[in-house]
Every structure is written in structure tokens, then in C-alpha cells.
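Q: Please choose one part of this structure and take me through it slowly. I am new to this, so explain each term as you go.

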Amino acid sequence: MPSLKDLRNRISSVQATRKITKAMQMVAAAKLRRAQEAAEAARPYAERMEAVLANLAAGMTGQDEAPKLMVGTGKDDVHLLVVATADRGLCGAFNTAIVKLAREHARRLTGEGKTVKILCVGKKGADQLKRLFPQSMVGVIDMSGTKKIGFNNANEIAERVLGMFDAGEFDVATLFYSEFGSVISQVPTAQQLIPAHVPEAGEAGEADADAGAYEYEPEESEILATLLPRNISVQIFKGLLENAASEQGARMTAMDNATRNAGDMIDKLTLQYNRSRQAQITKELIEIISGAEAL
Amino acid sequence: MAEKLKFDLVSPERLLMTAEVDQVTVPGAEGVFGVGPGHVPVMSTLRPGVLDVVENGTEKRFFVRGGFAEVNADGLTILAEQALDLGAIDAAGLDQEIKNAEEDAADAKTEAAREEAAERLAKLREVRAAV
């Protein structure tokens, strides 16, 4: 049986915790709105980029000199997993969910006898994956210094990935991030970056007829040479923004739960505190009365 | 001009404009070209310059840097790396910013900071030249 003083201390410590989680929830809610706007604003660009690429790809298929970024190296022995997570914890299962998806992917690939390399964006995922696949890690990109994710950040990551690709360090690259559905639903997603994921000809069927008629300024191959790396930056940028929104959403829900739990706990402890206080008073009264009676 | 051209201008950060317009002048890498309704499908890269959009007789100007223009049967899509609405910025404010950037470049302590300031300055001057 804890003493009254112990109970008082516990109540005040839980109250302090509740204040913190409440504040974190409110901060996350404010940040979420901004992150969500940014993520939604970036969607049109990524979508149109995909559409342009699909049109171009429709005209390119079957050509021998198609760039490697589009058709791949012809092998799929070495896989690069780009795992984007948050730099901070306390956001529920957000980081774990992404890591879990990446982990299953990596296990499956190693099971098939393929080599897996992991490039982490964000500290939290790196911490977990480092323990599981110490020999696969090729690097960690720390984003904790950046307050607002800009296109430059995505560009840096894309350049690093492209540099590795040009050096022949991997054949297939996949990006792992969490797609923002709503505050309560964030879906961990795997997206193939290299070779470029292009919608099948069936989807772009309508464009097929015109595709051959494009006039290119400058040459088609030159355009593709700039467009494909750009597409990778754009997809990474989109992933990072979706991730940022998801992180705040997950944190908001987690902190909301924590605040509610702390409230319940305070109620329970207060009840227990009052009970034992009353019990003690009763006990003291009995002692006094029985003492008086004994005289 | 009864027929209209469907026009989208997007940058990575946001969708700047989507509308039915009469004509757009695009600063292509190999020369400026105008796009009207029913233009031949074209795919072109962009060089830094001014994008002129004519909508119902009024003209809107955007500064764009890098990116692509795609014309197909559906319309014109500009995927700009960077896009600025020139109606929203004025020459005086820009001059002030250029001055600030010049000072930054002069004050920069490290090599990296100096390069960054110089790059910013070059970008601002490009925009200034376009206004």
C-alpha cells in the first residue's frame, strides 16, 4: 500500500506528463496542417510528371537505346532500399510500420538470394534497421537539421542515389515511405524508383496514337536524360512530404491517446488517494475513541 | 478565338495556375515558341525566362527556371523547377533583395557560404533581368 505522499507525488508526475503530451498534440496538429497542405500541393506536379513520362515511354518502348533509368540494367541482383522515416520518436507506430515493410521486403529479397543495400533517410528507421541488417547499411541521411522540406533536400538524396546507380552499385531502387491518408490512416508504401515505374501501355492507351507524333526540342534522348533523374527527385520529394504529413498525423493520434490515458490514470490515482486518506482519518478516529473509552 | 487551350503550370511546391487560356509563349531551350489551341504535340525543355499567358485578353507573366513543357492533344503542361508570378513581385523589392544578397556574398566567412550567396545572387539577377 503506497503512502499518501507517494500517491501525491505520482499524481503530480502524471499531471506533468499530461501537460507535455497535450502540448505535443497541439504542436503536431498545427504542424500537420502545414505538412498536409505541402503534401497536397506537391501532388499535381508528381502526377503530371508521371503522365508526361508515360506518354514519352509509350513512344520509347522497343527501342534499344532506351536509357537505363527507364528500363533498368537488365539484372535485378542488387536492390537498394531507400527507407524514409522520421527523425523523432513519440509518434506511435509510424516509424515501426515503415521499417516493418522494408524489413519484410529485405528478408524476401535475401531469401531469393539477392543482395540488399539500405539507405536510410531519418534517424529512427536507421536505428532499427542498423540492428537488423548491420552489413547492408550504406548510409544515413540526417534530416533533423532541416525545418521545412524543400525540393533541394529531395534533390540531394536523388543525386546520391543516382551517383550510386551510375557507379553500378545497384540494379533496382525502391523507396519506402508512408502515404498520408488521413490523421488516423497512414499507409506504409513501397515505390519503385529505378527502373522508373511507368503505367502500362493499356492505361496510357489513348495517348499512344499521338505519342509518335511528338516533336522534340532538343532531342528525345536529351529530354529523357534530364527528365528521368528529375522524376526521381520529384518522387522522393513527394515521398518526403507525404512522410512529414503522416508523421505529424501519427504523432497527433499517439499524443491524443497518451493525454487521454494520463487523464484516466489521474482519476484512478485521485480516487485511490482519497480512499486511503479517508481510511487513515477513520483509523485515527477509532484510535482516539477507543483510547478514550479505555480510560 | 473561340477555341481555348487547357493550360497547367506546376512547380514541385505547388500548382500555380490551371485555366483555359488563349495563348501561351514558352521560353524553350531552343527558342521561344507560342502555343495556341490545337498546337502540334511538342516536348521541350525550358531555359530561364518569362512565360507569357494570355487569358481573355489579359496577360499574366511568370518567371520560370528549368523544367519541361509538354503539348499534347489535351493541352499544355509546364513542369517548372521553379516558378514565380511576376505580378506578385516588384522591381524595387527585387533590387533590395539583390543588394542584400550582394552584401551576404561580400560578408560570407566560409567558402560554402560564399558559394551559396553567389548562387542566390545569380538567380536574383536572372529574375531581375526578366522583369
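**A close look at chain B**

A: Let's start where seven residues of domain 1 of chain B are in contact (heavy atoms within 4.5 Å) with four residues of domain 2 of chain B. Before going on, note that this is a predicted model, where local features need pLDDT of at least 70 and side-chain atom pairs count only at pLDDT 80 or more, while totals for chains, interfaces and linings use all residues. Residues are numbered from 1 along each chain as its sequence is written, chains are lettered from A and ligands numbered from 1 in the order in which they are written, and side-chain values use heavy atoms, leaving out hydrogens and water.

Domain 1 of chain B covers 5–87, and domain 2 of chain B covers 90–130 (bounds from an automatic or database assignment). Taken over C-alpha atoms, the centres of these two domains of chain B are 27 Å apart.

How much area is buried between domain 1 of chain B and domain 2 of chain B? About 490 Å², and carbon and sulfur atoms give 59% of that (accessible area lost by both parts on being put together, 1.4 Å probe). On the domain 1 side of chain B, Phe63(B), Arg65(B) and Leu86(B) stand out: together they supply 63% of the area that domain 1 buries against domain 2, more than any other three residues.

Now for charges and polar atoms. Between domain 1 and domain 2 of chain B there are zero salt bridges (Lys or Arg side-chain nitrogen within 4 Å of an Asp or Glu carboxyl oxygen). The count of residue pairs in polar contact between these domains of chain B, both residues at pLDDT 80 or more, is also zero (N or O atoms within 3.5 Å, one able to donate a hydrogen and the other to accept it; sequence neighbours count only through two side-chain atoms).

Which strands of chain B each supply at least two residues of the side of domain 1 that touches domain 2? They are strand E7 (58–72) and strand E8 (75–85) of chain B (DSSP runs of E, at least two residues, numbered from the N terminus). Of the elements on that side of domain 1 of chain B, E7(B) gives the most, with three residues.

To gather the picture: seven residues of domain 1 of chain B meet four of domain 2 of chain B, Phe63(B), Arg65(B) and Leu86(B) supply 63% of the area buried on the domain 1 side, and the salt-bridge count between the two domains of chain B is zero.

Key. Buried area is the accessible area (1.4 Å probe) that two parts lose on being put together, summed over both. Helices (H or I, at least four residues) and strands (E, at least two) are DSSP runs, numbered from the N terminus.
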